[in-house]
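Student: Could you give me a close look at one pocket, the second largest, and walk me through its lining? I'd like to know what I'd be dealing with there, and then how the largest one is put together for context.

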Amino acid sequence: MITARQKVLAHLKKTRAASAREIARALKMSAPNVRHHLGILTSDGRLEVTSVHQRGGRGRPEKMYSLSQSALGDNLSVLADALLNVKVNMESIGESIARSQGLVGFANQPMPKRLSLLVDKLNEMHYQSRWEAAAEGPRIIFGRCPFAKIIENHPELCKMDSAMLEISLGRPIAQFTKSESSARGLCPFVFRVG
């Protein structure tokens, strides 16, 4: 049995964008019921509001809804697989990313400041990282792996991350497996700064 939300998603897949009123009319549902489902689908990230139009006269503005980019999907994992199946130097790619994302130039700062600046930049890149002091030296921990969709087939991406950290901090990086088990999407490594 197809649920009301599945019908709304299917309709938006066909029409690309529609208002609650248009969806209600097309699916023969009440407008409040459609707005309820649109609210849920928007809050869970499957839909997004693409524009808001003020209709002629009085009343609330009319929102136009469409499928979100995450719901539409992409072919980035296919592209990444194809590119990574060609022999590449992951360290040089890591260095290139560090330079292009502004992760270099921290060398004249004290180490705690370098680490804080690096973590801020990494978090802009969706790593959910943090650093912590340890007896053997500071450690950088990634809360998630932004390459989770493809990391299983391409663990060499971790070498790229290590190289990115090394060039950013100007210090060697040693990669260790976390003692706790890793859930899907979480980085299983701790990077110790040498």
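Tutor: Let's start with the strand: E3 provides the largest share of the lining of the second largest pocket, with three residues. Keep in mind that this is a predicted model. E3 (62–67) isn't on its own, since helix H2 (20–27) and helix H3 (31–43) also supply at least two residues each. Now the chemistry: six of the lining residues are charged, five are nonpolar and one is polar. As for space, you have about 280 Å³ in this second largest pocket. Its lining runs to 12 residues, and the closest to the centre are Ala20, Arg35, Arg60, Pro61 and Glu62. Match those to the elements and you'll find Ala20 in H2, Arg35 in H3 and Glu62 in E3.

For context, here's the other one. The largest pocket holds about 610 Å³ of space. A set of 22 residues lines this largest pocket, with Leu76, Ala80, Pro146, Phe147 and Ile150 closest to the centre. Three helices give two or more residues to that lining: H5 (76–84), H6 (90–100) and H8 (157–169). H5 gives the most, six residues. Sort the lining of the largest pocket by class and you get 17 nonpolar residues, three charged and two polar. Back in the second largest pocket, by contrast, the split is six charged, five nonpolar and one polar.

Key. Residues are numbered from 1 along each chain as its sequence is written. This is a predicted model: local features need pLDDT of at least 70, side-chain atom pairs count only at pLDDT 80 or more; totals for chains, interfaces and linings use all residues. Side-chain values use heavy atoms; hydrogens and water are left out. On a 1 Å grid over the protein atoms alone, a cavity is a set of points where a 1.4 Å probe fits but cannot get out, and a pocket is an open set with protein on both sides within 12 Å along at least five of seven lines; lining residues have an atom within 4 Å of a point. Grid points are joined across faces, edges and corners, and a volume is the space filled by probe spheres set on the points. Helices (H or I, at least four residues) and strands (E, at least two) are DSSP runs, numbered from the N terminus. Ala, Val, Leu, Ile, Met, Phe, Trp, Tyr, Cys and Pro count as nonpolar, Asp, Glu, Lys and Arg as charged, and the others, Gly among them, as polar.
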